[in-house]
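Colleague: I am new to this model and should like to study a single part of it closely. Would you please choose the part where strands pair, describe how it is put together, and then follow the chain outward from there?

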Amino acid sequence: MRLSRFLSYVSEQVGPQSLNACVCFVIIGEQHDREFDVMQSRMQRHGALKASNETQISRSLRRLEEVGLIERYKQPGEKLCWYLRLTDKGKEVWESYSSLN
């Protein structure tokens, strides 16, 4: 999947918050093969999202979750920290994009 098709697909799925959502999806996608998942509280520290505030990021993540591309979860015993990972649908989209790069 070419970058333009990838961005168009994610934009169609998430609507008005598409740029932030695309960036969030890419950040989570880049981490999905590692042993740890992305902490939601660290998303704003990422260089590509420094201009976004927590509310914008949270809305983008919520929309990605609503369309089934990511899931948020808490580790047992954790009360405040949310972790993010790709769903099976999200992995499929990510792998079709990343296989061309």
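Modeller: Two strands are said to pair if DSSP finds at least two bridges between them. The strands themselves are DSSP runs (E, at least two residues), as are the helices (H or I, at least four residues), and both are numbered from the N terminus. The model is a predicted one, in which local features need pLDDT of at least 70 and side-chain atom pairs count only at pLDDT 80 or more, while totals for chains, interfaces and linings use all residues. Residues are numbered from 1 along each chain as its sequence is written, and side-chain values rest on heavy atoms, with hydrogens and water left out.

The part in question is an open sheet of three strands, arranged in the order S1-S3-S2 with antiparallel pairing. S1 and S2 stand at the edges and have a single partner strand each, so one side of each lacks a neighbour in the sheet. Strands of a sheet pair through backbone hydrogen bonds, in either the parallel or the antiparallel sense.

Consider the pairing of S1 with S3. Strand S1 covers residues 38-39 and strand S3 covers residues 83-86; the two run antiparallel to one another and are joined over two bridges. Met39 has Tyr83 of S3 standing opposite.

On the other side, strand S2, made of residues 70-73, pairs with S3 over four bridges, again in the antiparallel sense. Two of the partnerships can be followed by name: Ile70 is bridged to Leu86 in S3, and Glu71 to Arg85 in S3.

The loop between S2 and S3 holds Trp82. Where does Trp82 stand on the scale of burial, which reads buried under 20% relative accessible area, exposed over 50% and partly exposed in between (1.4 Å probe, protein chains only)? With a relative accessible area of 36%, Trp82 is partly exposed. A contact here requires heavy atoms within 4.5 Å. On that basis, and not counting residues up to four places away in sequence, Trp82 touches Val38, Met39 and Gln40, and also Arg72, Tyr73 and Lys74.

A helix accompanies the sheet. Helix H2, residues 18-31, lies across S1, S2 and S3 and runs at about 80° to S3. Such an angle is taken from 0 to 180 degrees between N-to-C directions, using axes fitted as lines to C-alpha atoms, for helices over the stretch in contact.

Two residues of H2 may be taken in turn. Gln31 belongs to helix H2 and counts as buried, since its relative accessibility is 16%. Apart from neighbours within four places in sequence, Gln31 is in contact with Phe36 and Val38. Asn20 is likewise part of helix H2, and a relative accessible area of 17% places Asn20 in the buried class. The contacts of Asn20, leaving out residues up to four places away in sequence, are with Leu49, Ser52, Gln56 and Ser60.

From H2 the path leads on to helix H1. Val10 lies in H1 and is buried, with a relative accessible area of 0%. Neighbours within four places in sequence aside, Val10 is in contact with Ala21, Cys22, Phe25 and Leu64. For the pair Val10 and Cys22, 12 residues apart along the chain, the C-alpha atoms are separated by 6.3 Å.

Ser11 is also found in helix H1, which spans residues 3-14. With a relative accessible area of 27%, Ser11 is partly exposed. Ser11 touches Ser18 and Cys22, when residues up to four places away in sequence are not counted. From C-alpha to C-alpha, Ser11 and Phe25 are 11 Å apart in space and 14 residues apart in sequence.

A last distance leads back to the loop between S2 and S3, where Trp82 lies. Trp82 and Ser11 are 71 residues apart in sequence, and their C-alpha atoms are 24 Å apart in space.
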